[in-house]
Amino acid sequence: METATEISKPEKINQFEGTEISGAQAITLSLINEGIDTVFGYPGGAIMPVYDALYDFQDTFKHYLVRHEQGAVHAAQGFARVSGKPGVCLATSGPGATNLITGIADAQIDSTPIVCITGQVFAPLLGTDAFQETDVVGISMPVTKWNYQVTDASEIPEVIAKAFYIAKSGRPGPVLIDITKDAQVSKFIYEYKKCINIRSYQPKPVIKPKEVLAAASLINEAKKPYIVFGQGVILSDAQKELLSFAEKAQIPAASTLLGLSAFPPDHPLYVGYLGMHGNYGPNIKTNECDVLIAVGMRFDDRVTGDLTRYAKQAKVIHIEIDEAEIDKNVKTDVSIHADAKDALQALTEHVKSNTHSEWLQEFRECEEIEYEKIAKKEKFPESGQIKMAEVVEQLSNITEGNAVVVTDVGQHQMVTSRYYKFKSRRSNITSGGLGTMGFALPAAIGARLGEDDREVIAIIGDGGIQMSIQELGTIFQYNIPVKIVILNNNFLGMVRQWQQLFFDKRYSSTEMTNPDFIKIAEGYSIKGKKVTERKDLRESLEAMMAHEGPYLIEVEVEKEENVFPMIPTGESVSNILLG
């Protein structure tokens, strides 16, 4: 995150340096000093002084009024994931603050840099159960990288500077600052100094040559080396370094869910996507390689399956900036505690040029098996209802893989991960670790505002859209040109799939009676169309992408379609099901 472009301090705020201002004004000026030009939030009693201060700076940065605080934090996440800059959101005390918690937890597990500022009751009322008082610092402590409560206005500049430094440095993450109302209205002499270091906090470890040489030695001796990479590659902007490393040693490379877009999907060394619903070859070959090189990923259970049967035959090399992740789930033979970019640069110097054509061919044979058993029937069905894969395949072709695609959680998420060809940087935005339904619509808003020259498509299930459908109001109010595709099977599809496979088809509370999504969109003046016939699909998607403003398409897809491959919970990656 250190590579994000800094915005220079506007001349307008220099006049306030060394003068007496309120805490609320200090918050606003400090955000500007950090280069923030976009904020998401929802006002309320305990944060009103800040909103009053924002009124004077409408020409400096834009505040987007969302329809629910959870929408604000997900929008901030989408903004951060696309732009590489910290996302910022505001909320009042009590329910406003607690409504942020799900998004903060999501940002924590997915390493997303956001700064959340919450208002709090007057300091003398703390601990009295005052109106809309909640201990948000205590509640958020397990799911933030750092949090702090401000009760003295003079602390505000230093705390905000520290918050941004912590959020974006090292392994990025969420920070929360809770500020009492009296601190917002009190006055003090304002001065701002950016934070560049904190004693005892070393976000960027120094690479150790001994670790690099040990890893290079294993790789040079390997017959079946295999790279698995995650979002750490994107966060450290190490895409080119990963490609150079893989090409020099000719090593097959596979992505985790959050690593998608870090490697060219049509490159001869790219072998697909890992995980519970990932590709066949990348999963089973994990248990056949002799050296496993993990780059910027954390070996979560959706990738490893049964840990007792995961890559036991292989020497494991783990490149990771967060030392706590090393040896946490998978015991390593060599670890490189470093930023992915630095580690890959160093490693590339020491690995030998090589070829592993027979090993690579084994992945290609797996691809053919998967294509014949699954992909061919999903992407090119000749009859029956529309399949989710057809929609994603068409979108990928129409956009040439260059759109930012934001997904919610469920079957549509897994299908999109399998069939959309992510060819542009930072283009796969999804809730990976927490699996938060309701994420996609507000995150798409943030993603579109993060870089307004990029097309953003939100692909959402009929369940997920209804968890944050009110954010259509935000899209309407600001005319944010996101494209929304609802894949509607009138089910909570992934839960239904598990009920079918593992609970004797007892569909307990998963079938949905849905509203008319197009009429709802029209209520917000958002153009929409429902697609039920295969013959209308391509033309409708092209019309959506050609439309200048926001647009919503609902596609009625096969009601009881399952997503394969699938590694059942608790099974080994070798036991992946093809149907």
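Begin by selecting Phe-40 and Cys-89 in this predicted model: Cys-89, which lies in S4, is the bridge partner of Phe-40. Widen the selection to strand S2 (residues 38-41) and strand S4 (residues 87-91), and you have two strands that pair in the parallel sense over two bridges.

Next, bring in the remaining strands of the sheet to which S2 and S4 belong, an open sheet of six strands that runs in the order S3-S2-S4-S5-S7-S6 with parallel pairing. At its edges are strand S3 (62-65) and strand S6 (146-150), each of which pairs on one side only. If you look across the sheet from strand to strand, neighbours are turned against each other by 20° on average, direction ignored.

Now select residues 214-347, where an unreviewed UniProt entry places the feature "domain: Thiamine pyrophosphate enzyme central". Over this stretch the chain is 30% helix and 20% strand, and the C-alpha atoms at the ends of residues 214-347 are 10 Å apart.

The next stops are salt bridges, of which the structure holds 26. Select Asp-306 and Arg-309, which form one of them, with 2.7 Å between the closest N and O atoms. Is Asp-306 buried or exposed? Asp-306 counts as buried because its relative accessibility is 17%, and the cut-off for buried is under 20%. Its partner Arg-309, by contrast, is partly exposed, with a relative accessible area of 36%.

Move on to Lys-331 and Asp-327, another salt-bridged pair, whose closest N and O atoms are 4.0 Å apart. Here Lys-331 counts as exposed at 65% relative accessibility, whereas Asp-327, at 35%, counts as partly exposed.

For a salt bridge within a helix, display helix H15 (residues 357-379) and pick out Glu-372 and Lys-376, which both lie in H15, four residues apart, or about one turn of the helix. The side chains of Glu-372 and Lys-376 meet in a salt bridge at 3.9 Å, N to O. Colouring by accessibility would show Glu-372 as partly exposed at 47% relative accessibility, and Lys-376 likewise as partly exposed, with a relative accessible area of 39%.

Finish by selecting Arg-171, Asp-322, Glu-325 and Lys-328 together, since here the view goes beyond a single pair: these four residues are linked in a network of salt bridges.

How values were computed. Residues numbered from 1 in each chain as written. Predicted model: local features only at pLDDT ≥ 70, side-chain atom pairs only at ≥ 80, totals over all residues. Heavy atoms only, no water. UniProt positions renumbered as here; feature names shortened; annotations may be inferred. Pairing = 2+ DSSP bridges. Axes fitted to C-alpha atoms, helices over the stretch in contact; angles between N-to-C directions. Buried < 20%, exposed > 50% of the residue type's maximum accessible area, 1.4 Å probe, protein only.
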